[in-house]
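Okay, thanks for making room for me today. Let me put the structure up, and then we'll walk through a few of its contacts together.

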Amino acid sequence: MYVFSAPAAITALDLNTSVSHDNYLGALAEQESAGYDFSLAIHSILAPPPMTCLLELNLSNNFLRSDGSQQLRQILQQNSLLTALHLSSNDIFCKGLPPIVDALSSVCTHLRALDPSANWIGCDGVAALAPVFEANTDLVELDLTQNGIAAPGCLHLSRSMQKDSMSQLLSLQILQNRVDAQAQKYMFPAITMSSSLGSLRGLEGGTLGVFFDYVVAKVEAVQKHIPMPSHEFVKELDLSNAQLQTFPMVLLELKALESLDISQNELYQLPYIELCALSKLSKLDCHGNENLMYPGKEIVTEGVFLPATFNKHM
């Protein structure tokens with residue numbers, strides 16, 4: 001049993017790895033939840049008298065599992081001022097998220113740091129967290145490492161990040177997930193629209209990964225007043241099927257760009273004149289954008305021509 005003096009006055013509680021692996025393995029053998037018993041012990045400490053002043057809570061590596069999340073909700077509901085919550089490696093899975101989401105979207109709405117990493121919440125789990133992202137407008141750090149997130153989950157995350165409620169996000173980690181080329185494309189609008197993101201891990205590799213590195217480094221340069229990164233290494237971009245609704249103007253900075261594929265999106269307008277100003281751009285593929293307005297005679301009369309191999313596949 002854990003014993004605290006003056007529990008109501010505690011503002012930071014770190015119980016990382018408070019359940020031994022021996023107890024956990026024993027609970028598995030008996031088909032029971034070590035995390036559930038641990039969570040009950042925590043709850044017995046908080047009431048009475050309840051801990052109501054917690055600002056930081058670390059329950060990582062305690063095997064809470066989905067059963068323990070029910071008790072965690074009660075703890076969270078008693079601490080509305082919480083700003084940092086760490087739940088890494090607790091085997092919560094997607095089915096254990098609803099009680100936590102309920103508390104974090106209705107009571108604990110001042111989070112600045114959220115770490116549900118290594119809980120294998122999957123794509124559905126990212127979708128389930130949307131109300132949390134919506135309610136916690138001060139969120140600056142988000143760690144989704146090792147959660148089995150693939151392209152559909154990245155699409156859910158991207159849509160949340162494009163809302164004003166996540167405009168303060170500074171650090172995003174999605175390492176050790178299934179972030180393939182399609183997942184990167186889904187993340188593209190959110191990353192390029194961000195004016196605050198200065199740390200991004202988990203999108204490495206491939207042309208898009210290199211481009212994301214450039215965008216994040218650019219934001220960081222602005223924030224820290226350091227020299228801008230080079231963009232001359234980005235020569236080809238495939239943004240087909242990326243759920244783009246507006247053209248990312250940051251692409252116009254890529255002076256070395258030779259080929260750009262923005263086909264099969266939801267674009268309705270392109271900055272044709274600005275694109276033609278990219279002297280090395282020789283291929284622009286934008287077929288499959290059903291509502292896209294193509295250039296009229298006024299562009300030709302201004303003396304500006306599209307690249308010779310412009311591909312619109314009408």
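Let's start with a question: which residues in α3 meet which residues in α4? On the α3 side you've got S69, Q70, L72, R73, L76 and Q77, and they meet P99, I100, D102, A103 and L104 in α4. Before I go on, keep in mind that this is a predicted model.

So how do those two helices sit? The axes of α3 and α4 are 8 Å apart, and the packing angle is about 10°. That makes the two, α3 and α4, roughly parallel, since anything under 35 degrees counts that way. As for the chemistry of that contact, its residues split into six nonpolar, three polar and two charged.

Now, R73 and D102 were both on that contact list, and they also form a salt bridge with each other, with 3.7 Å between the closest N and O atoms. In sequence they're 29 residues apart, so to speak on distant parts of the chain: R73 belongs to helix α3, residues 65-77, and D102 to helix α4, residues 97-106. Are these two buried or exposed? Somewhere in between: R73 is partly exposed at 26% relative accessibility, and D102 is partly exposed too, at 33%.

How many salt bridges are there in the structure? Five. I'll show you two more of them. K163 and E134 meet through their side chains at 3.5 Å, N to O. This pair also links distant parts of the chain, 29 residues apart, with K163 in the loop between α7 and β6 and E134 in helix α6, residues 130-135. K163 has a relative accessible area of 44%, which makes it partly exposed, and E134 is partly exposed at 43%.

The other one is D238 with K185, a salt bridge at 3.4 Å, N to O. D238 is in strand β8, residues 236-238, and K185 is in helix α8, residues 181-193, so this pair ties together parts 53 residues apart in sequence. Here the two ends don't fall in one category: D238 is partly exposed at 36%, whereas K185 is buried, with a relative accessible area of 10%. The cut-off for buried is under 20%, so K185 at 10% qualifies.

Okay, on to helix α7. How much of it is buried? Eight of its eleven residues, so α7 is mostly covered. The buried ones are A151, G153, C154, L155, L157, S158, S160 and M161. And what does the covering? Among the elements over those buried residues are α5, α6, β5, β6 and α8.

Let me pick α8 out of that list. The axes of α7 and α8 come within 8 Å and cross at roughly 5°, so these two helices are roughly parallel to each other. In the contact, A151, C154, L155, L157, S158 and M161 in α7 meet Q182, A183, Y186, M187, P189, A190 and I191 in α8. Those residues divide into eleven nonpolar and two polar, with no charged residue. For α3 with α4, remember, two charged residues were in the count.

Next, the sheet. What order do the strands come in? It runs β1-β2-β3-β4-β5-β6-β7, seven strands in an open sheet, with parallel pairing. β1, residues 12-14, and β7, residues 199-201, are the edge strands, each with a single partner, so one side of each has no neighbour in the sheet. Ignoring direction, neighbouring strands in this sheet are turned by 5° against each other on average.

If you zoom in on β5, residues 141-143, three bridges join it to β6, and the two run parallel. One of the residues to click on is D143, whose bridge partner in β6 is Q173. And β5 and β6 were both among the elements covering α7.

Last bit, the whole chain. It has eleven helices and ten strands. There are 314 residues, and 50% of them are buried. What share of the contacts is long in sequence terms? Counting contacts between residues at least 6 apart, 73% join residues at least 24 apart.

That's my tour, thanks for listening.

Notes
Residues numbered from 1 in each chain as written. Predicted model: local features only at pLDDT ≥ 70, side-chain atom pairs only at ≥ 80, totals over all residues. Heavy atoms only, no water. Salt bridge = Lys/Arg side-chain N within 4 Å of Asp/Glu carboxyl O. Helix = DSSP H or I, 4+ residues; strand = E, 2+ residues; numbered from the N terminus. Buried < 20%, exposed > 50% of the residue type's maximum accessible area, 1.4 Å probe, protein only. Pairing = 2+ DSSP bridges. Axes fitted to C-alpha atoms, helices over the stretch in contact; angles between N-to-C directions. Parallel < 35°, antiparallel > 145°, perpendicular 65-115°, else oblique. Contact = heavy atoms within 4.5 Å. Nonpolar A, V, L, I, M, F, W, Y, C, P; charged D, E, K, R; others polar.
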